Amino acid sequence: MLQKISQLEQSALEAIRAATTQDELEQVRVIYLGKKSDFTAIMKSLGSLDADQKREIGPIANAARKKVQEKIQSKQQELEDAFDAQTQWIDVTAPGKRDNLGHLNPLSIVQRDIEDIFTSMGFEISDGPEIETEYYNFDAVNVPDNHPARDMQDTFWIDAPRGEKHVLRTHTSSVQVRYMQQHTPPYRIIIPGRVFRQEATDASHEHTFHQLEALVVGENVSVANFLDIAQSFFSAFFGREIKVRLRPSYFPFVEPGFEFDISCTICSGDGCSACQRTGWIEIGGAGMVHQNVLEAGGYEKGKYTGFAWGFGLERLAMMKYKIDDIRHFHSGDIRVSEQF
Amino acid sequence: MLYSYKWLQELSQTKKSAQEIAQLLLTHSFEVEDVKPQSDGLEDVFVGHVIAVQEHPQADKLKIATVDLGQEKLQIVCGAPNLSQGQKVPVAIVGANLPGDFEIKMATIRGVQSAGMICAPDELGLGDDHDGIMVLDHDATIGTSFAKHMELDDTILDIDVLPNRAHDALSHQGMAREIAMLEGRKVLFEEKNLSQIPNGIEVEIQTPNCLRYVGLSLNNITIEPSPKWLQNRLKSLGHNAINNVVDITNYIMLETGQPLHAFSQEYASQINVRQAKTSEKMTLLDQTEVTLSNEDIVITDGNLPIALAGIMGGKGSAITDTTSSVMLEIANFDARSVRATKSRYGLQSDAAYRFERDLDPNLVDQSLARAVELFEQICGAKISAITDVYPEPIKQWSIALPHGEIEKLLGIEIEHSNVQKILHDIEITISQKNDVYLCHVPTVRKDLNTPEDLIEEIGRIYGYDKIHPRPLNEIVKAPAKNEQRLFERTTKDFLITQGFSEVRSYSFYSQDDAIAVGSTEAHVSLSNPMSSQQKYMRRTLAVGLLQSASQNQSYKNTTQLFEIGRLYIPNKTGLPDEKIVLGISVTAKSDNAQQFYVLKGLIDKYFNSLGIKDHYYSEKATRNTTSVVDLHPSRQASIHLQSGSVVGSIGEITKNTAKYFTVKNASTAFCELDLDLIRHISQDLHEFIPLEKYPAVQRDLSIIVAERTRVADMERIIASAGTEILQKIDLFDLYIDKEKAERSMAFHLSFSSPQRTLTAKEVDAIMEDITSTLENEDDIQIKR
């Protein structure tokens, strides 16, 4: 009997293996496990055996039957998969269904980055008009009429037959005194915005560009504080440690006044082609807010100190993304923004 | 300004190289734009001897020269008319890279080989003379370096002196003083005792705008070219050599910073400085004729103007070849007045450049000493008379600087002794009282007026690199949000997920552009635009978007663009209004109204994302301050908020506009929205509405209507008949049967009540009301 069970199991497994279609497998199932099959007969015959034999043979017969059953099931799955693969093929390399995605101008991305970093350092974001009075753009920030400092910025003037003269703001410093007149220190703000210079354009000059001005006013605010804020900002922006270097310079709205450089973002100061082997890259202007400006803002002379600094957003975007021509930002060519 | 390294070296006694000086100045004083040895580009130029000249067989104007360079003889084809045998000439050999990046290569010119070039002065970076080759002195040694022969062994520094230091540093003496100071030394410039010269020229100052006037009478002068060294020095610093008298005045200006002017004495025997009379006329040295204003200062001979003070001499009184006596002017004029006059007539001169930067009247003394010396030395001039009119001599002033202010402003502690040394080095005398320095400032340092000015001096000389970062004392507070910027951000993010790309365009356009979009509104305009194409400040974003759409046509079949930017709306008084608007455009190559609906769908989705509901569209875009564009007459609408106020307009760009912007074979839908208004509305919207507790019942309704029946009107009828339990009407099918001139519309209607579950029976009853109301209208059939 045991031998018979074993033979039966062997031949069933053989038949399963040989089956190549679902129909053939079904026939195998009927032959080996159907009502009239040998397994069914054996199971039925178990009843006539004595108790000892039943105890010995029963489990073996059951196990063999179960094994055949499982094999059929797994073969069944295998054949189904093969069938689906045959009949339900798709080309996974064909393109997915996608809606077009739009893109931001790279300036917007850089501006967000910058605004987020400054916001995290407690800076408020402020702005003012792009068409500005001569007063706020120049006089209030200590650039009097008839002073050669006026020549440092080529200015677009607005047609105005009478009254106060208006300009396209030449810098975001025009917002300084406006803000001061509405607020009492201490405060820290940034002013990112569009500015204009009446100058010919080329790959590195635009008549329309964006500046970011940062202004901190309080009691005992110093150059050392500026260095700390500037280094934190640039390190966060470029994702690596950045040092700031000051060089003496002159802007009428600050005293002392500086040009500032950052350590090269490519070589960290060792010298490479990006920084013309100097290890430093010129970024912007800075200084301690001139007391005349604070006074124009309505503060008592000498009560507060503060620093102001600014740089061009385009310049930072060009450095970050290696953009070769400043005119790309306002070109309207969507092949520019599509890369972002 | 250009500075000669050798001259600075002579005056400052520095041992540093030009590069080292540049570095020193960069760290402590000035930006140095360029450091350029004069021999740059002349390394492969040698003195050659023209030993033979032959005609070129193929060209009349060319000659073939044989040039001896000592080591070798070269054959060079040359076109210069002044070439002749026996000349000593500068020869650039093959491989030379001349100034201006001009590389000399082996060449065959009309069949004849040429191994180099005989150079004209301009090709060697020496002026702009290109009339012929440069002919050298006869005793020039064959084969020596050209630069060496010419003594071009100086290095020129281009140093950027900004207005704050123009009073003291726009001169070789001033720069030398700075260099020596940074090296911890002091230089003294010789002053001459001129008391023995008789006071003889009649000088009268009749205007407060002339602060000092020195007239010096020089006789026994022969006008001739100045010595080579003087000519070379002037040329190397970008000045032309003219004659001995003029060259000396320029030389002294470069040395001391003080402009001088030489008159022919016969026209300037008497000097009167006064304001010009209105409409007085004069002809200047450069032939310009100016009609003067009473705000100009003139030098007169007692009667008529002979110079425009501080700017330019008059033509009539100029030095000529026959001048033998000179009236030399060394004066000081009010900076603002000079600047105003210069701007008024658009004049530029070295003198004006300096005077408008506010010179120290005491600078006259140094220049006077040099003038006497050089005119005697170079021209053999006899100084016969001098007059110095200086109504209110400028004296030193004092600034009180409390020591504590230094650390307060710089954020670094600097010891008293260091502070004192630095102040002393910049020639400030100090008297100290407790912790306050009382500083007496030399008059040439007009930039030093406040304690901060002095702190800057201390900081830069001590070294800004010694300042270490320090965190701010004030604690960080959460900054106020800038709602507007955040809102712009949300809007941009929404639009890019919808497939729209951001462009940024200029704030200005041309009058033609404005007309092309149909705007006749007044625009703010620039008085000095880059070009007439950029004269008007924009009142719509349509121009920029259409320009961009046109530009991108070659890459895209469909362009979906947006811009957020400001419009400038003129005001009668005060600044223009600046409105922040969102402009969106959809351009596609199809002629139906699809783009309009794409854009309209986008606006609805955008409003939905902001929680704005119940906005609606009405035919005819309302023209207002932010909607100035003429759109397709029957494909345009105003966009209203629930309150009725207009938030923008939408429509198709007209064929003519599209043609102007060369948006070809495509149609464009455009909308412009008032972003500030949308932001304010969307901020007020966020209140939670309780969820519906009872299920909604859906019914569909199909109707057939006349072709031009509007969906909005049908919805209105359905809504009012549907009572308050009709919660939602959704058009899901719209079909036009052109032949029958009919439209069919199909709606999903959704009914629900917040109080209870609706029964089918009551919804059926309402549906019955709706259909009968519709049927009562003309031209509406219910499709059953």
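Is strand 15 (residues 260-264) of chain B largely enclosed by the rest of the structure, or is it exposed, and why? It is largely enclosed, because five of its five residues are buried. Keep in mind that this is a predicted model. Besides that strand, here's a look at how chain B meets chain A, and at one arginine of chain A that touches chain B.

**Strand 15 of chain B**

- The side chains split two ways: L260(B), A262(B) and S264(B) point one way from the strand, while H261(B) and F263(B) point the other way.
- Whichever way they point, all of these residues are buried.
- For a partner, strand 15 of chain B has strand 22 (residues 326-333) of chain B, and the two run antiparallel with five bridges between them.
- If you want one bridge to click on, S264(B) is partnered with V326(B) of strand 22.

**Where chain B meets chain A**

- About 7300 Å² gets buried between chain B and chain A, and carbon and sulfur atoms account for 53% of that.
- On the chain B side, L472(B), R485(B) and R504(B) lose the most area to chain A, together giving 11% of what that side buries.
- Chain B puts 78 residues into the contact, and chain A puts in 94.

**Polar links across the interface**

- Between chain B and chain A there are eleven salt bridges.
- R339(B) and D151(A) form a salt bridge through their side chains, at 2.9 Å from N to O.
- Polar contacts join 47 residue pairs across the interface, counting pairs with both residues at pLDDT 80 or more.

**What the chain B side is built from**

- Several elements of chain B each supply at least two residues to the side that touches chain A, including helix 2 (18-28), helix 8 (335-345), helix 13 (451-462) and strand 30 (558-569).
- Helix 14 of chain B gives the most, with six residues.
- Sorted by class, this side of chain B comes to 30 nonpolar, 22 polar and 26 charged residues.

**R150(A)**

- You'll find R150(A) in the loop that links helix 6 (134-137) and strand 3 (166-168) of chain A.
- With a relative accessible area of 9%, R150(A) falls under the 20% cut-off, so R150(A) counts as buried.
- Leaving out residues up to four places away in sequence, R150(A) touches E134(A), F138(A), D139(A), V143(A), P144(A), D145(A) and W157(A), plus R339(B) from the other chain.
- R339(B) therefore turns up twice here: R150(A) touches R339(B), and R339(B) is in a salt bridge with D151(A).

Methods: Residues numbered from 1 in each chain as written. Chains lettered and ligands numbered in written order. Predicted model: local features only at pLDDT ≥ 70, side-chain atom pairs only at ≥ 80, totals over all residues. Heavy atoms only, no water. Buried < 20%, exposed > 50% of the residue type's maximum accessible area, 1.4 Å probe, protein only. Helix = DSSP H or I, 4+ residues; strand = E, 2+ residues; numbered from the N terminus. Pairing = 2+ DSSP bridges. Contact = heavy atoms within 4.5 Å. Buried area = accessible area lost by both parts, 1.4 Å probe. Salt bridge = Lys/Arg side-chain N within 4 Å of Asp/Glu carboxyl O. Polar contact = N/O pair within 3.5 Å; in protein donor to acceptor, adjacent residues only side chain to side chain. Nonpolar A, V, L, I, M, F, W, Y, C, P; charged D, E, K, R; others polar.
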